[in-house]
Amino acid sequence: MNGRQLRARFRGVAVVAAGLLALSACGGGDAGAKGDKSGGNKAAAAARTVKHDAGTTEKVPAEPKRIVSVSVTMTGHLLALDAPVVASQATPPSVITDKQGFFTQWSDAAAKNSVKVAYQGFEPDVEKVLALKPDLIVGASSGAENAEKFYDKLSAVAPTLLYRHDDVSWQDLTARLGKDLGLEKRAGEVVAAHDKRVGEVKAAITVPKQSAALVRDNQSAMTVFTPESAQGRLLTSLGFTVLEPPAGKGQTQGGRSDFAEFSQEKVADTAKDSSLLFVSHTPEEITAATERPVWKDLAAVKDKRVYDLGLDTFRLDYYSAGNLIDKIEKAFG
């Protein structure tokens, strides 16, 4: 072999070696890439994109560990799902809350799960939420604690999901939360337990032949809950016929369609022979309302068909719905 042939062979070997080295590097790169890709897939599997009532949120943990609720209404739904709520917005204490400002229907569950007060008031305290180090924030896009105008600030802290809770049954909201939080099984169990209880009580009670007027006294006016409200749907599932609101457009709050306010006279005229079921009142408040001239001569008042559904029935969740069913069973069983 002459020098030219020898040099050519060395060049060929060098090319092959370089190619093998490059291939090996590429192979290592592919393995690394596959490893990264696999890791990326795991990361992707550990997060989801969720469409909610304030937009679409990416990187929502598939299994959240630290949820902060910026809606005292939503907190009850989350606790029923055994979601890992570490803190919640609280309202000023009142007859429908414990001393912290948590709703009484689920305050025991909050204590059992060591849920802290994130802040008190209806506007989110973003700094306090940040200090709690949430991996997910859940709130409302309706009601007094509507957090939509704070959505961007909250989203800068952690992935944030906001939901309307007014025009939807608590069961539907529970199912939606279960899907979005990876708690579908628990959501199904919660709704199934409720449905079983409804069936048992429906079979045990005698429902009045008259329609049921779901009302809330506001002194100068009267709120009427529609058959499509959460309260109306629950009463319907128990066999009641829920009275439609008076004709015409009543005053609503924040665009809500589950109830509207009308004059006392208009509601009394519409109710006529209906039974009166009061939502979220003390017994003293119900007595005062039915003693007014516009109400005292109604058939329901004379026949003692006036019922107290409980202080916690203005906002229905799994807990307050159960309490309402207990009230119905006691009154009509």
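Here are three short exercises, with worked solutions, on the predicted model shown above.

Residues are numbered from 1 along each chain as its sequence is written. Local features need pLDDT of at least 70 and side-chain atom pairs count only at pLDDT 80 or more, while totals for chains, interfaces and linings use all residues; side-chain values use heavy atoms, with hydrogens and water left out.

**Exercise 1**

Work out how the length of helix α7 compares with the expected span, and which side of α7 is buried.

*Solution.* Start with the frame: the chain has 13 helices and 12 strands, taken as DSSP runs (helices are H or I, at least four residues; strands are E, at least two) numbered from the N terminus. Helix α7 covers residues 184-204, 21 residues in total. From first C-alpha to last it reaches 31 Å, close to the expected 30 Å, where the expected span is 1.5 Å times one less than the number of residues.

Next, look for buried residues (under 20% relative accessible area, with exposed over 50% and partly exposed in between, using a 1.4 Å probe and protein chains only). In α7 these are Ala-187, Val-190, Val-191, His-194, Val-198 and Val-201. They lie on the same side of α7 because they cover an arc of only 90° around the axis, judged by the directions from the helix axis to the C-beta atoms. The face turned away from that side carries the exposed residues Lys-185, Lys-196 and Ala-203.

**Exercise 2**

Find what covers the buried residues of α7, then follow Ile-325 to its contacts.

*Solution.* The cover includes α2 (72-80), α6 (170-181), α8 (230-237) and α13 (318-332); contact here means heavy atoms within 4.5 Å. Ile-325 lies in α13 and is buried, with a relative accessible area of 0%. Leaving aside neighbours within four places in sequence, Ile-325 is in contact with His-194, Arg-197, Val-198, Val-201 and Leu-234. Ile-325 and Val-201 are 124 residues apart along the chain, yet their C-alpha atoms are separated by 7.5 Å.

**Exercise 3**

Describe how α3 and α13 cross.

*Solution.* Two packed helices are described by the angle and the distance between their axes. The axes of α3 (residues 104-112) and α13 come within 8 Å and cross at roughly 130°. Axes are lines fitted to C-alpha atoms, for helices over the stretch in contact, and angles run from 0 to 180 degrees between N-to-C directions. The pair is therefore oblique, since angles under 35 degrees count as roughly parallel, over 145 as roughly antiparallel, 65 to 115 as roughly perpendicular and the rest as oblique. Finally, Gln-105, Trp-106 and Ala-109 in α3 meet Tyr-319, Ser-320 and Asn-323 in α13.
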